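Thanks, everyone. I have one model to go through this morning, so please look at the sequence and the structure while I talk.

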Amino acid sequence: MRGQPQEFDRVLSSMCTEPHPVAREAAERYLATNPGDPATYQAVADLEDDAVATLGSLVGLDDPAGYIASGGTEANIQAVRMARNRAVTSTPNVVVPESAHFSFQKAADVLSVELRVAPMTDDLTVDVGAVRRFCDEDTALVVGIAGTTEYGRVDPIPILADLADEVGAMLHVDAAWGGFVLPFTDHEWHFGHADVDTMTIDPHKMGQAAIPAGGLLARDEALFDALAVDTPYLESAKQATLTGTRSGAGVASAAAVLDELWPDGYREQYERSMANAEWYADAMGDRGFDVVEPDLPLVTVDVPSGLFEGLRDAGWRVSTTGDDEMRVVMMPHVTREMLAAFVSDVDRLTPTANINT
Ligand code: 0PR
């Protein structure tokens, strides 16, 4: 077999990270199990129940319904599918913020729903006035993002919940990345803060589980009825997941790491990541760059394209937003030493970068 997986020591824009040691160990042990067939693979099905129960504690739900999906994309598609299948109209629409992850475009495409994209305000959260204008009697779902992919911002979830309620739509919160840091902030984002129906929260991002481990949660088990199909040749009668055979490795790793880190380990990680975000934002601000101040541990900085290319050439795995700002995500593998080395490369490359742009 050719090649080596990349090291994480220069990965700065990914939302994935090195799995926690307990996640890695559990993934390996459960590699050959299939939670899609719980009657045969009972042990991993029990672990999935544990993982969902702990995710419930993160998001203010006492009795959560849900499952470990292949990732945030599947969870978002399923949330749209749930709302579409429950809607009474034959021409359903879904109102999403402009900051929504591109998985909602995939959802709209495969599910034939109309996507109405509401712009952001200057604070990089959704313009609720626009959401209000876009909602009508055909709106099946309103989406809010709790930790946007590009800027780490949190939409006003309680206001979106009220707007959804006014038109009889469901409310989905995409906390795929933010869900493991938001419990340690003052934001109002979860089932306990507002009338949220469904949520995406991915253990394989900030949760430090092995890939694939996304999460879809719902306020009520009955909501999953809209997704269930009959499974005549399995011992379980119905299946509400999108995929059939699923990764027992992902499920077991999520259960193991949630058990290990919730809440104290995740709190410590949040504090470390946030301190790194503030340190890096200050360092770049001091050098005269335009910095989008971090709210969650994700920092976006406007840098000249020549500098960005220079950093890529130096081996840094960085990427940009749609507006060409360089985005650094303070994942657990991102240390202060890494950031210091990165900033010193910024210093080394800055004169060249200025000449190139
Ligand atoms: N929702 C939000 C808010 C996301 O940020 C993402 C992914 C998703 C949903 C979709 O999740 P899955 O990728 O698990 O289906 N955000 C990252 C992005 O697109 C995903 C990513 C992760 C990209 C690691 C690169 C990478 O190395 O930027």
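Start at Val95, whose bridge partner in strand S4 is Val142. This is a predicted model, so please hear everything I say with that in mind. Val95 and Val142 belong to a pairing between S2, residues 93-97, and S4, where three bridges join the two strands and the direction is parallel.

On to the other pairing of S4. Its partner here is S5, residues 170-174, again in the parallel sense, and this time over five bridges. One pair to look at is Gly144, which has Val173 in S5 as its bridge partner. To get from S4 to S5 the chain passes through helix H6, residues 157-166, and this β-α-β crossover is right-handed.

How many of the seven residues of S4 are buried? Seven of the seven, over residues 139-145, so the strand is largely enclosed by the rest of the structure. Buried here means under 20% relative accessible area. As a reminder, in a regular strand the side chains alternate between the two faces of the sheet.

Next, a strand with a higher number, S11, residues 298-302. Four of its five residues are buried, which leaves S11 mostly covered. S11 pairs with S10, residues 290-292, in the antiparallel sense over three bridges. The connection from S10 to S11 is a hairpin through five residues. Within that pairing, Val292 has Thr300 of S11 as its bridge partner. Thr300 also stands opposite Arg327, which lies in S13. S13 covers residues 326-329, and its pairing with S11 is antiparallel, over four bridges.

Now the domains. The chain is divided into domain 1, 21-261, and domain 2, 264-352. Taken over C-alpha atoms, their centres are separated by 28 Å. Domain 1 puts 23 residues into the contact, and domain 2 puts in 24 residues.

What area is buried between domain 1 and domain 2? It is about 1900 Å², and carbon and sulfur atoms give 64% of that. On the domain 1 side, Tyr151, Phe184 and Leu261 supply 31% of the area that this domain buries against domain 2, more than any other three residues. As for salt bridges across the interface of domain 1 and domain 2, the rule finds zero.

To recap the two strands: S4 pairs in the parallel sense with S5, and S11 pairs in the antiparallel sense with S10. That is what I have for today.

Key:
Residues numbered from 1 in each chain as written. Predicted model: local features only at pLDDT ≥ 70, side-chain atom pairs only at ≥ 80, totals over all residues. Heavy atoms only, no water. Buried < 20%, exposed > 50% of the residue type's maximum accessible area, 1.4 Å probe, protein only. Pairing = 2+ DSSP bridges. Right-handed = clockwise from strand over helix to strand, strands pointing away. Domains from an automatic or database assignment. Contact = heavy atoms within 4.5 Å. Buried area = accessible area lost by both parts, 1.4 Å probe. Salt bridge = Lys/Arg side-chain N within 4 Å of Asp/Glu carboxyl O.
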